[in-house]
Amino acid sequence: MAKKNILGIVGSPRKGGNTDILVSETLKGAGKQGARQEKIYLSDLQISPCKACAKCIDTGKCVIEDDFHIVLEKIKESDAIVLGSPVYCRTVTAQTKLLIDRIEASQIIKSYTPDGRARFLCRLKKYQKEYAKQGMVICIGDSSSKDILQQTADIMHCFMRDLGIKVVGQILENKLSEIGDVYKNKPLLAQAKAMGKSLERAMGIEPTTFCLASRRSTAELHPH
Ligand SMILES: Cc1cc2nc3c(=O)[nH]c(=O)nc-3n(C[C@H](O)[C@H](O)[C@H](O)COP(=O)(O)O)c2cc1C
């Protein structure tokens, strides 16, 4: 079986911060069977805001030449992505939003009637097939309101849905503030690792080593 690719996208500008750590832990959990992994920081990239030029409406392609296309290519080359963003002012970070807006804009296209009249805008289903198939969402904040976390995560879910990516796991966690706060929350770290493992399963990566029990026949394991 060809090696699978997993892409971690860190939407926090704080390298080594809580989002970064949780994305890394998830990747660690997902890497046991040798899937290729890469982690990118949106804050390292130059991604301009959508300027509503509407050029993408006819082609489905964004005409702004910047690092957005690098991320898009990486998402295309991936089998799964793990997207993490902290809550900033009740929504995703600016870095994450820039990516989402640009993806959104370049995923719709005008459809025409046979006589050339514009009919409606539709999602580019054929493009969706090119992107990663599975995704995970990590959204963290520092408040005690689950609602704000959920509304922020919803934006990330929307991004996944529009790319045709099935979200197979998410972490929503509050009360994280300083860099490394996440290390004080061992169950959360374990949850991230477990989520990575479940991503492997969702991607259909089979274990390469088996415990003795799994080598036994079904009859041995379930005697009547
Ligand atoms: C500019 C800014 C705005 C923030 N706004 C919110 C907010 O609206 N709600 C919230 O729960 N946390 C908010 N936070 C807290 C961060 O979500 C929290 O500190 C998180 O752990 C940062 O993640 P990081 O360690 O990956 O950078 C904000 C932090 C910053 C710097």
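Visitor: How do you know whether the crossing of helices α4 and α6 is left-handed or right-handed?
Guide: The crossing of α4 and α6 is left-handed, a name used when the near helix is turned anticlockwise from the far one by less than a right angle, with right-handed kept for a clockwise turn. This is a predicted model, in which local features need pLDDT of at least 70 and side-chain atom pairs count only at pLDDT 80 or more, while totals for chains, interfaces and linings use all residues. Residues are numbered from 1 along each chain as its sequence is written.

Visitor: At what angle do the axes of α4 and α6 cross?
Guide: The axes of α4 (residues 94–105) and α6 (residues 146–162) come within 10 Å and cross at roughly 35 degrees, where an axis is a line fitted to C-alpha atoms, for helices over the stretch in contact, and angles run from 0 to 180 degrees between N-to-C directions. Helices such as these are DSSP runs of H or I of at least four residues, strands are runs of E of at least two, and they are numbered from the N terminus.

Visitor: Which residues of α4 and α6 meet?
Guide: I100, I103 and E104 in α4 meet I155, F159 and D162 in α6, and contact here requires C-beta atoms, placed from the backbone, to lie within 7 Å. By class, this contact of α4 with α6 has 4 nonpolar, no polar and 2 charged residues; Ala, Val, Leu, Ile, Met, Phe, Trp, Tyr, Cys and Pro count as nonpolar, Asp, Glu, Lys and Arg as charged, and the others, Gly among them, as polar.

Visitor: What is the order of the strands in the open sheet?
Guide: The open sheet has 5 strands in the order β2-β1-β3-β6-β7, with parallel pairing, and two strands pair if DSSP finds at least two bridges between them. Strand β1 (residues 5–10) is joined to β3 (residues 80–86) by 5 bridges, and 6 bridges join β1 to β2, so both pairs satisfy that requirement of at least two.

Visitor: Why are β2 and β7 called edge strands?
Guide: Strands β2 (36–41) and β7 (166–173) each pair on one side only, and they are the edge strands of the sheet. Among the bridge partners further in, L7 is matched with I81 in β3, while N5 is matched with R36 in β2.

Visitor: What makes β1 largely enclosed by the rest of the structure?
Guide: In β1, 5 of the 6 residues are buried, so the strand is largely enclosed by the rest of the structure. A residue is buried if 20 or more other C-beta atoms lie within 10 Å of its own, exposed if 12 or fewer, and partly exposed in between, with C-beta atoms placed from the backbone. Across the 224 residues of the protein chain, 38% count as buried.

Visitor: How do you know whether A52 is buried or exposed?
Guide: A52 has 9 other C-beta atoms within 10 Å and is therefore exposed. A52 sits in the loop between β2 and α2 (56–59), and its phi is positive, about 55 degrees, although A52 is not a glycine.

Visitor: How many other C-beta atoms lie within 10 Å of R90?
Guide: R90 has 13 other C-beta atoms within 10 Å, which means that R90 is partly exposed. R90 belongs to the loop between β3 and α4, and the phi of R90 is also positive, near 70 degrees, in a residue other than glycine.

Methods. Two residues are in contact if their C-beta atoms, placed from the backbone, lie within 7 Å.
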